[in-house]
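Trainee: I have a model to go through and would like a second pair of eyes. Can we start with how you sort residues by exposure?

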Amino acid sequence: MPAVLTVDPRSGVPIYLQIIEQVKRSVALGILEAGEQLPTVKQLALDLTVNPNTVARAYRELERDSVIETAPGRGSFVRGNGVASSAKAAANDVARDTLDAALREVKSVGLSRSDLRELIDAAVDRWFPEDQQQLP
Amino acid sequence: MTYIEWLRVRGCLKWTGIVLVACVALVLFTRFTFLDIRPHAAGFSQIYLGGKNLAQFERNSSETQTKLPDGTTRTTIDNPAMGVHVTIDDHGYWGKHVEIFQKTPPKDVHANRIDFGDIHGERTMVPGGSLIKIDEGALVPEDIGYYFLFAALAALIVATILGAPFARENEGHLELALTKPIARVNLALQTVAVDCAGIVIAWAMTVVFLIVGHTIFEAPNYVFTAGDTLAAAIGLLAAFGWYAMLNAATASMKRSYGGVLGVAWPIALGIGGISHARLGDTPLANAIHAVASAIARLFPTSYAHFTFMTGMGSEEHRQALAAPQNDLAILAVLALVYGALAVYQWQRVEA
Amino acid sequence: MSTIQISHLRKTYGTFAAVDDLSLEIPSGTVFGLLGPNGAGKTTTFKCMLDLARANAGTVLYDEKPLVPETFERIAYVPERSVLYEWMNVAEHVEMNRRAFTKFDPARAGELLTAFNIDQRKKARELSKGMRTAVMVAIAFARNADILILDEPTSGLDPVNQRHVLSLIINEAARGCTILFSSHQIGQVERAAEQIAVVDKGRLVLQGTVDDLKADRKIVEGIMPDANYPLNGIAGDPRVLRTDRTERIVRLLVGSDADAVAAALTAAGASGVRVVDLNLEDIFLYAVSQ
């Protein structure tokens with residue numbers, strides 16, 4: 001699990017957000033499975049060489065987003081109940097954040113809504129060719 | 001808390017020990033190489049008998065030598081013609097005792113005594129002549145106070161080396177020294193206490209080494225008098241005072257304190273010299289003398305007189321020193337005042 | 001567990017104010033990074049905190065109590081420059097700490113020194129600058145102190161040992177230790193510190209949580225129709241901390257709500273408006289160039 005996580009402390013994105021994003025992504029991709037134990041706060045802080053309170057903050061938010069659950073004295077685990085749905089939710093979160101960032105950039109260079117739609121259609125066609133076959 | 005100071009003192013005492021051991025080694029070398037001679041009874045007999053008589057004495061004497069059960073070599077010399085009978089008991093390492101009986105001593109002699117180094121001679125008029133008794137070497141008790149003079153000198157040197165404990169910390173170590181769980185005053189006092197202990201140890205080491213050195217030549221036979229206690233006290237207090245003065249002079253310094261330690265001796269000796277010298281009777285000379293005398297009063301070394309013991313020094317000087325307890329009191333006050341000044345300054349030092 | 005409160009600290013040398021009305025609160029169990037250019041007053045602040053320098057005004061409280069000698073039992077301090085005794089070997093420095101501090105763990109010191117590859121028999125004068133730093137760090141981290149005050153604890157160290165020191169800081173932080181440290185290596189502060197303060201010319205110019213500062217502080221950039229085109233009052237917006245204009249380009253340093261400010265800038269007539277993330281180094285440089 002720790003091998004999956006990497007943070008870039010020098011980026012402008014807060015470290016706790018980077019951890020959240022990566023845990024969610026791992027859950028969405030099934031790298032982290034339901035019931036799997038996460039490293040302790042201290043362990044992850046040492047592995048990533050980042051502040052333990054920052055890691056604790058990421059864990060708290062992941063818990064609030066129902067991605068993980070923490071049993072006092074036992075540690076933090078990927079939520080077992082309906083892992084499929086939480087994986088889907090996690091995937092959505094990751095996708096939404098990425099899209100938001102892209103759209104913000106798109107907007108800044110002055111593209112209109114229709115221009116954007118064309119671009120998105122083209123991009124979707126390129127990235128999802130098999131789905132295109134099934135369209136009427 | 002004073003571990004560092006102990007290390008410093010230990011280093012200093014190590015060198016003191018090395019120097020003293022070297023001195024003793026030198027004494028040993030000398031003892032067994034060049035000077036394998038015992039003090040000379042015959043030589044001193046000469047003083048009593050006179051050179052002319054001696055030759056005559058030797059010509060007509062009969063000499064017998066016996067070994068006493070306790071190992072003493074007894075030599076008896078008899079000269080009936082001159083009416084002289086000499087007994088020499090040579091105890092070797094334990095000393096020598098000589099008795100000279102003269103039936104007809106020279107007319108002008110009377111009972112007297114002579115002391116010279118470790119030789120003690122005494123003439124008494126006895127019925128039928130005069131008896132000269134001479135004790136030599138270990139048989140003559142020696143005043144241990146003289147050793148305290150040398151020890152005081154060693155203590156002063158060690159006091160100079162240890163003289164800037166606070167400045168040594170100021171020189172880039174306050175971040176370590178002053179972030180320990182101890183109040184600064186306590187740290188300062190403990191540091192001073194350690195250094196003073198070092199001075200006492202150096203003093204004691206010197207006395208011990210002198211005794212050892214002496215013991216190489218002859219059996220120890222010391223007397224300890226009230227004056228010796230005074231000599232020890234004055235020597236140690238002078239060293240404490242000197243140490244405290246140097247500490248007070250350097251307590252606020254962060255560097256170049258070594259220079260202060262270095263010039264302290266020349267200055268003290270120089271000022272002391274000027275204050276005692278006769279500079280003439282011009283106004284300038286008087287002014288210089290007055291200033292030097294005033295400054296000299298600030299140096300603890302100015303009060304470290306041992307004249308009460310040695311009997312040396314001018315008559316007026318001796319009178320001034322009739323009460324060495326005054327010196328003792330002044331030295332104690334100086335040590336305390338300088339010590340307090342040093343501690344006070346160190347309270348205010350900033351890293 | 002210890003909270004440190006610094007209030008209105010002031011320290012002058014002659015007419016120069018090295019620390020000028022500095023107030024900081026370092027919450028218990030926090031890793032707190034103190035940033036500032038050279039001569040900003042970081043070291044002087046530490047010295048005042050430890051009574052190594054006497055403040056002209058202000059107070060420093062540890063758990064609401066002023067510093068007393070016993071407090072030093074709980075504080076381990078690594079000064080900026082080597083304060084080791086040149087004539088003493090490393091083992092003697094360890095011994096000195098063992099005698100002075102009841103909670104000092106000599107075995108731990110030995111482990112840490114070994115990890116830094118330091119031969120305890122060496123005299124301090126034989127050690128390089130980085131090794132001296134390592135000795136001081138190793139000894140400080142063997143103190144089991146509640147509070148660590150580290151002034152440039154990685155200076156002179158190679159990258160491997162720098163990372164090692166960082167791990168030690170994180171380890172102590174996980175133990176609940178309160179850590180105040182300064183470093184010119186902002187990347188280290190960025191990793192290890194939860195909160196930071198930036199001082200400049202003795203004054204506090206910025207304080208906050210690293211992640212919050214990164215989340216809130218952004219650059220909003222846009223292109224105006226011409227160089228003198230009015231900004232429609234955006235420069236006066238309390239969220240805008242600073243406005244730079246170069247020809248037609250407007251660059252706003254924003255303290256919060258970057259997206260809203262971006263929208264306002266677009267509304268004011270700017271084109272190509274975008275929001276740029278700032279890392280700690282950017283945030284620091286903006287703070288000290290104000």
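Mentor: A residue is buried if 20 or more other C-beta atoms, placed from the backbone, lie within 10 Å of its own, exposed if 12 or fewer, and partly exposed in between. This is a predicted model, where local features need pLDDT of at least 70 and side-chain atom pairs count only at pLDDT 80 or more, while totals for chains, interfaces and linings use all residues. Residues are numbered from 1 along each chain as its sequence is written, and chains are lettered from A and ligands numbered from 1 in the order in which they are written.

Trainee: Fine. Which class does Thr76(B) fall in, then?

Mentor: Thr76(B) counts as partly exposed, because it has 16 C-beta neighbours inside 10 Å. Its place is in strand S2 (residues 73-79) of chain B. Helices (H or I, at least four residues) and strands (E, at least two) are DSSP runs, numbered from the N terminus.

Trainee: And what does Thr76(B) touch?

Mentor: Leaving out residues up to four places away in sequence, Thr76(B) touches Thr64(B), Val86(B) and Thr87(B). Contact means C-beta atoms, placed from the backbone, within 7 Å. Val86(B) is ten residues from Thr76(B) in sequence, and their C-alpha atoms are 5.5 Å apart.

Trainee: Where is the largest nonpolar core busiest?

Mentor: That core has 174 residues, and Ala155(B), Ile199(B) and Ala239(B) have the most contacts inside it. A nonpolar core here is a set of buried Ala, Val, Leu, Ile, Met, Phe, Trp, Tyr and Cys residues joined through C-beta atoms within 7 Å. Helix H8 (residues 226-250) of chain B gives the largest share, 15 residues.

Trainee: What's around Ala155(B)?

Mentor: Beyond four places in sequence, Ala155(B) touches Ile199(B), Ala202(B), Trp203(B), Gly235(B), Leu236(B) and Ala239(B). Apart from the largest core lies another, of 16 residues, including Ile234(C), Leu253(C), Val254(C) and Ala264(C).

Trainee: Switching to chains. Which pair has the most contacts?

Mentor: Of the two pairs of chains that touch, chains A and C have the most contacts. There, 22 residues of chain A are in contact with 25 residues of chain C. On the chain A side, helix H1 (15-28), helix H2 (41-48), helix H3 (52-64) and helix H4 (83-108) each supply at least two residues. That side divides into ten nonpolar, eight polar and four charged residues. For those classes, Ala, Val, Leu, Ile, Met, Phe, Trp, Tyr, Cys and Pro count as nonpolar, Asp, Glu, Lys and Arg as charged, and the others, Gly among them, as polar.

Trainee: What about C against B?

Mentor: That contact takes 20 residues from chain C and 17 residues from chain B. On the chain C side, strand S6 and helix H2 (90-100) of chain C are the elements that give two or more residues, with H2(C) giving the largest share, five residues. The chain C side divides into 13 nonpolar, no polar and seven charged residues. Chain A and chain B share no contact, and their closest C-alpha atoms lie 27 Å apart.

Trainee: How are the strands of the open sheet in chain C ordered?

Mentor: Its six strands run in the order S6-S7-S8-S3-S9-S10, with mixed pairing. Strands S6 (75-78) and S10 (203-209) of chain C are at the edges with a single partner strand each, so one side of each is left without a neighbour in the sheet. The twist averages 15 degrees from one strand to the next. Pairing requires at least two DSSP bridges between two strands.

Trainee: Which way do S7(C) and S8(C) run?

Mentor: They run parallel, and five bridges join S7 (residues 147-151) to S8 (residues 178-182) of chain C. Asp151(C) has Ser182(C) as its bridge partner in S8(C).

Trainee: What packs on that sheet?

Mentor: Helix H5 (residues 159-174) of chain C does, touching strand S3 (31-35), S7 and S8 of chain C, and its direction makes about 155 degrees with that of S8(C). Helix H9 (residues 280-288) of chain C lies across S3, strand S9 (195-200) and S10 of chain C, at about 30 degrees to S9(C). Axes are lines fitted to C-alpha atoms, for helices over the stretch in contact, and angles run from 0 to 180 degrees between N-to-C directions.

Trainee: Which residues of H9(C) are buried?

Mentor: Leu280(C), Ile283(C), Phe284(C) and Ala287(C). They cover an arc of only 100 degrees around the axis, which puts them on the same side of H9(C); the arc is that of the directions from the helix axis to the C-beta atoms.
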